[in-house]
Amino acid sequence: MKKRIPVSRLSVGMYMVGVDKSWLETPFLRHKMPITKADQIDALKSCGVHYVEIDTERGVDVDKFAHVGLESIVEAAPDDPVLPAVPVDPTAPTSFDDELQVARKTYQDAKNIVQRAMYDIRMGRDINTDAVGRVVDALADSVLRNSDALISLSRLKSFDEYTFFHSVNTAVLALGLGRSLDMDRQTLHLLGMGTLLHDVGKMKIPLNILNKPDRLRSFEYEIIKQHALRGAEILSKTTGLREEAIKPALEHHERVDGTGYPYQRKRDELSLFGLISSVVDIYDAITSDRVYHKAMPPSQALQFLYQLGQQGHLDPPLVERFIKCVGVYPVGSCVLLNTGEVGIVTQIYQDQPLTPKLLLIRDGNARRVMTPTVLDLLTQGQDSPRTIVKALDPHEFGIKVADYMGDGKPAA
């Protein structure tokens with residue numbers, strides 16, 4: 001049984017399985033370990049840990065000390081009240097707003113881990129699969145608690161660090177799609193591992209080709225295409241990875257009609273992980289600004305995916321499920337209301353896809369609003385209700401969606 005207790009009640013003999021800090025902020029490579037000496041507890045306290053989880057089946061239960069008086073064994077800090085130990089379910093449902101705070105930190109941790117993993121590959125070192133596994137666990141737990149919160153962060157982009165953000169976004173979107181397919185926790189973990197590392201083969205591509213701002217010549221494109229096989233080769237030699245987690249790297253550019261690469265495999269020859277990764281990889285790529293193309297608006301990108309499904313390039317049922325997962329108007333969509341106002345979608349409701357939460361950025365006369373206001377179409381009053389008329393291309397109206405996706409205020 002898992003219990004959440006203040007760090008002040010942690011004692012030698014207990015088995016710790018989690019803390020309330022990212023592993024990047026503590027001196028320990030693992031947060032699942034037996035507590036064998038007081039120095040470990042002091043180290044946790046010194047880096048700001050307030051609560052830990054213990055597994056009473058693998059170590060001592062805090063209640064075991066009751067008969068000798070807990071006060072004589074652990075010293076509680078004055079500002080850290082001793083709370084009763086309660087079972088912890090890391091996948092218990094949470095609200096969008098509550099989960100968003102956790103998801104932001106998890107997303108950033110994932111980006112840092114991908115950056116580190118790709119640097120290690122470039123330097124000829126092995127991938128730290130333990131570190132990747134921990135951050136994938138955090139991503140999977142967040143998606144299980146509230147998938148909409150983490151998926152909303154897939155709108156985070158960086159032109160200069162596209163490869164890292166693309167890897168995280170691909171994993172986040174894949175996990176959201178996996179959850180909608182009712183995958184269990186273990187399967188989600190494998191899917192997350194594979195999609196987070198799906199582009200590692202690019203680290204074996206010469207930088208002058210990988211980052212070339214102009215149109216690639218035919219021989220350069222053939223070199224770029226090698227990244228799928230290179231990635232699968234790297235991951236196949238990586239300790240601790242199961243075969244399923246290698247499929248996204250190998251198959252994310254395959255197409256169900258056999259027109260993809262590297263092996264031109266068709267639908268029946270592809271894994272579910274490969275089919276999923278191809279859908280989410282395309283979606284994040286076409287909604288990102290690159291040297292050679294402007295980002296496609298999310299709603300337009302979904303229409304493009306739908307067409308690819310109908311044309312036989314992508315798996316139609318998976319595309320349709322993905323559209324339902326991210327919403328008809330995905331987070332980051334710029335929309336026109338029946339009042340003439342313009343808003344940006346900040347939260348979707350999968351059961352009510354036509355009534356998302358918006359940030360109103362222009363009034364009915366198309367004038368910029370100095371202080372954007374939140375409008376929830378689902379819970380708005382029935383007096384003169386607002387409705388979405390259509391999605392807009394923000395580029396055509398001079399709107400930079402990224403400026404509004406942080407704290408809700410436009411950049412100066």
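This passage describes the overall fold of the chain and then the surroundings of one residue, Q40, in a predicted model.

The chain contains 13 helices and 10 strands. Its radius of gyration is 24 Å, close to the 22 Å given by the globule rule for 412 residues, so the chain is as compact as a globular protein of that length. The C-alpha trace spans about 70 × 60 × 40 Å along its principal axes.

Of the 412 residues in the chain, 52% are buried. Contacts were also considered by sequence separation. Among those between residues at least 6 apart in sequence, 64% join residues at least 24 apart. The exposed area of the chain is about 19,900 Å². Carbon and sulfur atoms supply 51% of that area. The chain carries 49 positive and 54 negative charges. The mean positions of these two sets lie 4 Å apart.

At the residue level, Q40 was examined. Q40 belongs to helix α1, which covers residues 38-46. The relative accessible area of Q40 is 10%; this residue therefore counts as buried, the cut-off being under 20%. The side chain of Q40 reaches the backbone nitrogen of T36, at 2.6 Å. Leaving aside residues up to four places away in sequence, Q40 touches F28, M33, P34 and I35. Q40 thus combines a buried position with a side-chain approach to the backbone of T36 and contacts to residues including F28 and M33.

Technical notes. Residues numbered from 1 in each chain as written. Predicted model: local features only at pLDDT ≥ 70, side-chain atom pairs only at ≥ 80, totals over all residues. Heavy atoms only, no water. Helix = DSSP H or I, 4+ residues; strand = E, 2+ residues; numbered from the N terminus. Buried < 20%, exposed > 50% of the residue type's maximum accessible area, 1.4 Å probe, protein only. Polar contact = N/O pair within 3.5 Å; in protein donor to acceptor, adjacent residues only side chain to side chain. Contact = heavy atoms within 4.5 Å. Rg over C-alpha atoms; globule rule 2.2 N^0.38 Å. Areas by Shrake-Rupley, 256 points an atom, 1.4 Å probe, with all protein chains shown as cover. Lys, Arg positive; Asp, Glu negative; His and termini not counted. Charge placed at Lys NZ, Arg CZ, Asp CG, Glu CD.
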